[in-house]
Amino acid sequence: MEILVCVKRVPAPGAKVPLSADSREIDTRHLGFTIGPHEECAVEEAVRLVAGHGGQVTVLAVGPPEAEEQLRYALAMGADRGVLVETGPAELDPEATAAAIAQAVHTVTDGAPPFDLVLFGDSSADAGHYQVGIRVAAELGLPIVGGIKGIEVGDGLRLRREVPDGAELYELPLPAAAAVREGLNLPRYPNLPGRLRARKASLRTIAFEPPVGGLRKLRLRQPADDRAETVLLGQGAAAAPAVVDVLEELGVV
Amino acid sequence: MLLTLIDGQEPAPNVLALAHSLDLPVEAVLHVTSDGADADDADDVAGHLTDELAKQGVATLHLIRHELLAGYAPEAFGEALAQLVAHLRPAAVLAAGTDRGTEIMAHAAARARLPLATNCVAVTGGDPWLLTRARGGGMLLEEAELTAPVKLATVAQGAAAPADAQAVDNCAVREFVPELLPELARTRVVERTAGRGGITLATAPVIVSGGRGVGSAEGYAVLEELAALLGGAVGCSRVATNNGWRPHSDQVGLTGTKVAPDLYIACGISGATQHWVGCTDSKAILAVNTDPEAPMVARATYAVIGDVHEVLPAVVAEIRARSS
Ligand SMILES: Cc1cc2nc3c(=O)[nH]c(=O)nc-3n(C[C@H](O)[C@H](O)[C@H](O)COP(=O)(O)OP(=O)(O)OC[C@H]3O[C@@H](n4cnc5c(N)ncnc54)[C@H](O)[C@@H]3O)c2cc1C
């Protein structure tokens, strides 16, 4: 089974998201980066599927050269091949990201077996456009369902997702695509042999000139934080009566 | 003309409010099946909807009718909407930023080769549109320009207060029959299972949530006890999920569940933005934390400085003492 997993390099800020002086970007100088949590689950799932069904996992990231870090992390988790679609530092709009992925899929499957399954995260953790997977699937002619929290491979693909009043099951013929959510599995921490292998692995780099899409980011700002000053109810166990007074006041006890 | 997508039995008030603010005639669209008994149900829904829509100032309801639109099939719904858009050429289409609303719009956008702005909280009309959208579940706001012959957007949950729309006398129904290839039904729901019922994070009036400060899976027993006393549910941070202390279905935050209880009790949770966006809609927040400088303490309504395992047992004992 040939599986492609598309991952995004996203910043991992703490209590506040710092902005650049011109407010156009997140100030990432002091931030760490990570694979989006949804995509990390997609990598884990792909590695498990290939362990059970045979085949290979390819991870692909569209982004700056530094996205190599996230590809190597996915390789350390057990993915077999890494592809970096290099597009420079500026954030792409979702149409351009999808075009970059679709083109890269054509490039890497040229003369190689096609992908049976293409996995995405449901939405990126930073921009959150909720559409790249669907656009790529449409471009490649693959069926896709999003919000997936359960995958079973048999003759086809059985996909489960949660909806407000329960769960939905889908059965797709392969080849197919799915956009998954955190909670699909508990991703492993890469072990030492995995990390060593990942460090030495060679990545394939594909250049891409992004087209200009119709959605153009102008600037970012912090949401208003208009909560009142915190009321301190006390320290330790001695605060219990004050806490229960508040519970009574709020009518929740 | 501006189209609003209806998913379900009622128009979404925030979508209609935003639509009416753009000074264009507002029309609505609903997917229905032409198949058997479900088609009759659909006509009942449409009948009820037209009354409601007329009250909300919507004079036309477009029914996209096709046998492949039975149940739910994302690709078929998206393609059908794309065809209606090509047929009507509206200035814009707005939908609720729910999972399904977003999914249908993304499929339509991909097939119509149009841009799509998701989770908008404000829009200024004209060409291009100037809009504000929520990123990272609301961690940041993005101001953006949307340039497109037909502007597609979803409205963030909770954005825009319901507007008092000028009612119209009646809402006329127009039928549209798309041409759908049978293969589009390959992504169709084949089975639905109902939820387990009971109290969930989405419905609980109180959530007792625990993070790294709880220390272990067993440490959640006292959170369970307090939640049971308050008729609430237990939540957690991503650290708790990643440590295997709690199932992911308990996780609050950007990649977990967004909650809005009357009271959110954050125990040993630092208040990282990715967690904060999941609980910020709570009416009140009580932080229990050993660190008075923790961001969760600074942003909470109430705070107790102390160890979870000292504070919570004392609170449980106090509640029991007062009720006996
Ligand atoms: C892309 C992305 C998405 C994410 N999505 C989510 C998400 O959906 N949900 C989420 O929660 N996180 C999410 N995170 C992780 C998030 O950034 C934080 O790492 C996480 O929320 C921290 O969890 P915590 O508060 O339990 O742990 P910590 O940040 O380690 O905080 C522990 C707190 O407990 C206090 N404490 C310690 N001991 C005690 C004690 N005995 N009694 C009382 N207090 C004590 C400490 O003072 C501290 O404030 C995401 C991160 C990224 C990068």
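**View 1. Val153(A) of strand β7(A) has Leu157(A) as its bridge partner in β8(A).** This is a predicted model, where local features need pLDDT of at least 70, side-chain atom pairs count only at pLDDT 80 or more, and totals for chains, interfaces and linings use all residues. Residues are numbered from 1 along each chain as its sequence is written, chains are lettered from A and ligands numbered from 1 in the order in which they are written, and side-chain values use heavy atoms, with hydrogens and water left out. Strands (E, at least two residues) and helices (H or I, at least four) are DSSP runs, numbered from the N terminus, and two strands pair if DSSP finds at least two bridges between them. Here β7 (residues 144-153) pairs with β8 (residues 157-163) in the antiparallel sense, over five bridges. A hairpin of three residues takes you from β7(A) to β8(A).

**View 2. Strand β7(A) also pairs with β10(A).** These two run parallel, joined by three bridges, and β10(A) covers residues 176-180. Look for Ile148(A), which stands opposite Val180(A) of β10(A). How many of the 10 residues of β7(A) are buried? Nine of them are, so the strand is mostly covered; buried means under 20% relative accessible area, exposed over 50%, and partly exposed in between (1.4 Å probe, protein chains only).

**View 3. Helices α1(A) and α2(A) pack against each other.** Two packed helices are described by the angle between their axes and the distance between the axes. For α1 (residues 37-53) and α2 (residues 68-77), that comes to about 35° and 10 Å. Axes are lines fitted to C-alpha atoms, for helices over the stretch in contact, and angles run from 0 to 180 degrees between N-to-C directions. On the α1(A) side, the contact (heavy atoms within 4.5 Å) is made by Glu40(A), Val43(A), Glu44(A) and Val47(A). Tyr73(A), Ala74(A) and Met77(A) do the job for α2(A).

**View 4. Glu45(A) sits in helix α1 of chain A.** With a relative accessible area of 9%, Glu45(A) is buried. Leaving aside residues up to four places away in sequence, Glu45(A) touches Ile151(A), Leu184(A) and Asn185(A). Its C-alpha atom is 19 Å from that of Ala137(A), and the two residues are 92 apart along the chain.

**View 5. Cysteines, but zero disulfides over all chains.** A disulfide is a pair of cysteine sulfur atoms within 2.5 Å. Why is Cys6(A) without a bond? The closest cysteine sulfur, in Cys41(A), is 16 Å away, which is too far. Cys6(A) counts as buried at 6% relative accessibility. Over in chain B, Cys236(B) is in no disulfide either, and the nearest cysteine sulfur, in Cys267(B), is 12 Å away. Cys236(B) is buried too, at 0%.

**View 6. An open sheet of 10 strands takes in strands from chains A and B.** The order is β12(A)-β7(B)-β6(B)-β5(B)-β8(B)-β4(B)-β1(B)-β2(B)-β3(B)-β9(B), with mixed pairing. Which strands stand at the edges? They are β12 (215-221) of chain A and β9 (172-176) of chain B; each has a single partner strand, so one side of each is left without a neighbour in the sheet. On average, neighbouring strands are turned by 35° against each other, direction ignored.

**View 7. Strands β5(B) and β8(B) run parallel, joined by three bridges.** The strands cover residues 116-124 and 151-155, and Leu116(B) stands opposite Leu152(B).
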